[in-house]
Amino acid sequence: MKPSGKRAYVLLATLIISSTAAAFDMDSDAPIRVSADTARLDDTEGTAVYSGDVELVQGETQLNAERVVLYRNQEGLSRIEASGEPARYRQPAREGEAMTDARARNITWSAAESQLTFERQAVIEQGNNVFRGDVIHYDTVRRVVTAEGGTPSEDSSGRVEMVIQPRSGENPTDE
């Protein structure tokens with residue numbers, strides 16, 4: 001329940017991504033800004049739990065979810081866990097590559113592995129390329145995607161599906 005119907009905003013302007021966590025965003029020295037309906041910070045555990053229409057932004061990279069948990073250690077931010085119906089991650093385009101737009105019911109980012117993991121109804125789109133699977137691992141440094149199928153259901157065939165466009169002389173960011 002929202003107190004007095006107003007949305008609570010929480011800004012972590014002082015939270016800076018360390019060099020080991022720079023893979024979350026190309027703007028690695030930019031602060032992460034979080035807004036949510038509710039927040040619970042636990043310095044002893046090194047966690048911050050945000051709930052209700054959570055928006056996490058660093059530079060041009062954005063994560064939207066119903067619930068986000070941030071984990072910190074001595075080096076800084078070590079892990080992000082997000083869940084939603086679906087949670088959504090967007091990373092800006094790099095040289096010669098299109099923007100990354102991804103969604104899944106669970107999204108986990110690991111600083112140690114420089115990896116995003118998308119689970120349950122996962123979809124990653126980069127330009128006209130589409131990757132679908134039950135579990136998708138996305139190496140944020142090398143921009144390598146691997147996908148795993150799952151059990152067939154009403155929502156999914158259980159198989160990995162990929163649509164990969166042929167290379168052309170056009171720059172995918174010019175569209």
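This report walks through a predicted model of one protein chain, from its overall make-up to its strands, some single residues and its charged pairs.

## The chain as a whole

The chain contains zero helices and ten strands, so that, when it is read along the sequence, the pattern is β-β-β-β-β-β-β-β-β-β. Of the 175 residues in the chain, 41% are buried. The accessible surface comes to about 10,100 Å², and carbon and sulfur atoms account for 45% of that area. A further view of the fold comes from its contacts: among those between residues at least 6 apart in sequence, 40% join residues at least 24 apart.

## Three strands joined by hairpins

A good place to begin tracing the chain is strand β3, which covers residues 47–58 and pairs with strand β4, residues 61–73, in the antiparallel sense over ten bridges. These two strands form a hairpin with two residues between them, and in the turn Gly59 has a positive phi of about 60°. Strand β4 also pairs with strand β5, residues 76–91, again in the antiparallel sense and over ten bridges, and here too a hairpin of two residues makes the join, leading from β4 to β5.

Which residues stand opposite Asn64 in the strands on either side of β4? In one direction Asn64 of β4 has Glu55 opposite, while in the other direction Asn64 stands opposite Arg88 in β5. A student who finds Asn64 in the structure can therefore follow the pairing from β4 to both partners, since β4 is paired with β3 and with β5, where pairing means at least two bridges between the strands.

## Two residues in their surroundings

Is Ser110 buried or exposed? Ser110, which has its place in strand β6 (residues 100–110), has a relative accessible area of 11% and is buried, because the word is used for values under 20%. Not counting residues up to four places away in sequence, Ser110 touches Ser78, Arg79 and Gln115.

Arg132 offers another case, with a place in strand β8 (residues 129–139) and a relative accessible area of 35%, which makes Arg132 partly exposed. If neighbours within four places in sequence are left aside, the residues in contact with Arg132 are Ala122, Val123, Ala147, Arg159, Val160 and Glu161. One of these, Val160, is 28 residues away from Arg132 along the chain, yet the C-alpha atoms of the two residues are separated by 5.7 Å.

Val160 also takes part in a feature of the surface, where Val160, Met162 and Ile164 make a nonpolar patch of about 260 Å². Met162 has its place in strand β10 (residues 161–163) and counts as partly exposed, at 38% relative accessibility.

## Charged pairs

Side chains of opposite charge can pair when their charged atoms come close. A search of the whole structure finds six salt bridges, and the table sets out some of them, with the separation of the N and O atoms in each pair.

| Arginine | Acidic partner | N to O separation |
|---|---|---|
| Arg40 | Asp42 | 3.8 Å |
| Arg79 | Glu81 | 2.9 Å |
| Arg103 | Glu125 | 3.4 Å |

The surroundings of these side chains can be compared through their relative accessible areas. In the pair of Arg40 and Asp42, Arg40 is exposed, with a value of 53%, whereas Asp42 is buried, with a value of 18%. Arg79, which forms a salt bridge with Glu81, is among the residues that Ser110 touches. Arg79 counts as partly exposed at 33% relative accessibility, and Glu81 likewise counts as partly exposed, at 26%.

What does the salt bridge between Arg103 and Glu125 tie together? Arg103 forms this salt bridge with Glu125, the closest N and O atoms being 3.4 Å apart. Arg103 lies in strand β6 and Glu125 in strand β7 (residues 115–126), so the pair ties together parts of the chain that are 22 residues apart in sequence. Arg103 is partly exposed at 26% relative accessibility, and Glu125 is partly exposed at 24%.

Methods:
Residues are numbered from 1 along each chain as its sequence is written. This is a predicted model: local features need pLDDT of at least 70, side-chain atom pairs count only at pLDDT 80 or more; totals for chains, interfaces and linings use all residues. Side-chain values use heavy atoms; hydrogens and water are left out. Helices (H or I, at least four residues) and strands (E, at least two) are DSSP runs, numbered from the N terminus. Buried means under 20% relative accessible area, exposed over 50%, partly exposed in between (1.4 Å probe, protein chains only). Contact means heavy atoms within 4.5 Å. Accessible areas come from the Shrake-Rupley method with a 1.4 Å probe; for residues, only the protein chains shown count as cover. Patches are made of residues with over 30% relative accessible area and no salt bridge: like charges are joined within 9 Å, nonpolar side chains (Val, Leu, Ile, Met, Phe, Trp, Tyr) within 5 Å. A salt bridge is a side-chain nitrogen of Lys or Arg within 4 Å of a carboxyl oxygen of Asp or Glu.
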